[in-house]
Amino acid sequence: QVQLVESGGGLVQAGDSVRLSCVASVRTFRLYAMGWFRQAPGKEREFVSAMKWSTGSTYYADSAKGRFTISRDNAKNTVYLQMNSLQPEDTAVYYCAADTNFGHYSSAYYATSREYDYWGQGTQVTVSS
């Protein structure tokens, strides 16, 4: 069982930056990948970014490229999402997810929410205009 705890959300203004954190309850070398997804009111959950833990390979949604950066701290079992130049359309609950299914996958795999086994409770990010 893996528990994930997110933090770092809040209310910010357009153009501001926020860093989200997600702490895993297990040593992260036991995880295949960790990802960030978000869900806005009335919309489906969507992929934001992910990292394959063994290689550090990163994956981003088009909406995140150039503005968001995923990173990690192995010693702290933590993955981060640095979000810059936030816009009102980034308003959502942001979820951290962990995947324990080791294998060889295409980049599309990391953007698929059903491939992730564990989810955090989510942290709200609200961007005002």
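**Exercise 1. Work out how much of the protein chain is buried, and how its contacts and surface are made up.**

Solution.
- Of the 129 residues in the protein chain, 45% count as buried. The model is a predicted one.
- Next, take the contacts with a separation of 6 or more. Residues 24 or more positions apart account for 59% of them.
- Now turn to the surface. About 6,500 Å² of the protein chain is exposed, and carbon and sulfur atoms supply 44% of that area.

**Exercise 2. List the helices and strands of the protein chain, then judge its compactness.**

Solution.
- Begin with the count: the protein chain has 1 helix and 11 strands.
- Then read along the sequence. The pattern is β-β-β-β-β-β-β-β-β-α-β-β.
- The radius of gyration of the protein chain is 14 Å, and the globule rule gives a close value, 14 Å, for 129 residues; the chain is therefore as compact as a globular protein of that length.
- For the outline, use the principal axes. Along them, the C-alpha atoms fill a box of roughly 40 × 30 × 25 Å.

**Exercise 3. Find the strand order of the open sheet of 4 strands, and say which strands stand at its edges.**

Solution.
- The order is 1-3-8-7, and the pairing is antiparallel.
- Strand 1 (4-7) and strand 7 (68-73) are at the edges. Each has a single partner strand, so one side of each is left without a neighbour in the sheet.
- From one strand to the next, the twist averages 15°.
- What holds paired strands together? Strands of a sheet pair through backbone hydrogen bonds, in a parallel or an antiparallel way.

**Exercise 4. Describe how strand 7 and strand 8 are joined and paired.**

Solution.
- Strand 7 and strand 8 (residues 78-83) pair in the antiparallel sense, over 6 bridges.
- These two strands form a hairpin, with 4 residues between them. In the turn, N77 has a positive phi of about 50°.
- Check the facing residues. R72 is opposite V79 in strand 8, and F68 is opposite M83 in strand 8.
- Finally, look at cover. Strand 8 is mostly covered, with 5 of its 6 residues buried.

**Exercise 5. Place S21, decide whether S21 is buried or exposed, and name its partner in strand 8.**

Solution.
- S21 lies in strand 3 (residues 18-24).
- Strand 3 pairs with strand 8 in the antiparallel sense, over 6 bridges.
- Within this pairing, S21 stands opposite Y80 in strand 8.
- The relative accessible area of S21 is 14%. Buried means under 20%, so S21 is buried.
- Leave out residues up to four places away in sequence. S21 then touches V5, E6, S7, W36, T78, V79 and Y80.

**Exercise 6. Locate T112, find what its side chain reaches, and compare its distances to S54 in sequence and in space.**

Solution.
- T112 sits in the loop between helix 1 (107-110) and strand 10 (118-119).
- The side chain of T112 reaches the backbone oxygen of A108, at 2.9 Å.
- In sequence, T112 and S54 are 58 residues apart. In space, T112 and S54 are 19 Å apart, C-alpha to C-alpha.

Definitions and conventions
Residues are numbered from 1 along each chain as its sequence is written. This is a predicted model: local features need pLDDT of at least 70, side-chain atom pairs count only at pLDDT 80 or more; totals for chains, interfaces and linings use all residues. Side-chain values use heavy atoms; hydrogens and water are left out. Two strands pair if DSSP finds at least two bridges between them. Axes are lines fitted to C-alpha atoms, for helices over the stretch in contact, and angles run from 0 to 180 degrees between N-to-C directions. A polar contact is a pair of N or O atoms within 3.5 Å; within protein, one must be able to donate a hydrogen and the other to accept it, and residues adjacent in sequence count only if both atoms are side-chain atoms. The radius of gyration is taken over C-alpha atoms; the globule rule is 2.2 Å times the number of residues to the power 0.38. Buried means under 20% relative accessible area, exposed over 50%, partly exposed in between (1.4 Å probe, protein chains only). Contact means heavy atoms within 4.5 Å. Accessible areas come from the Shrake-Rupley method with a 1.4 Å probe; for residues, only the protein chains shown count as cover.
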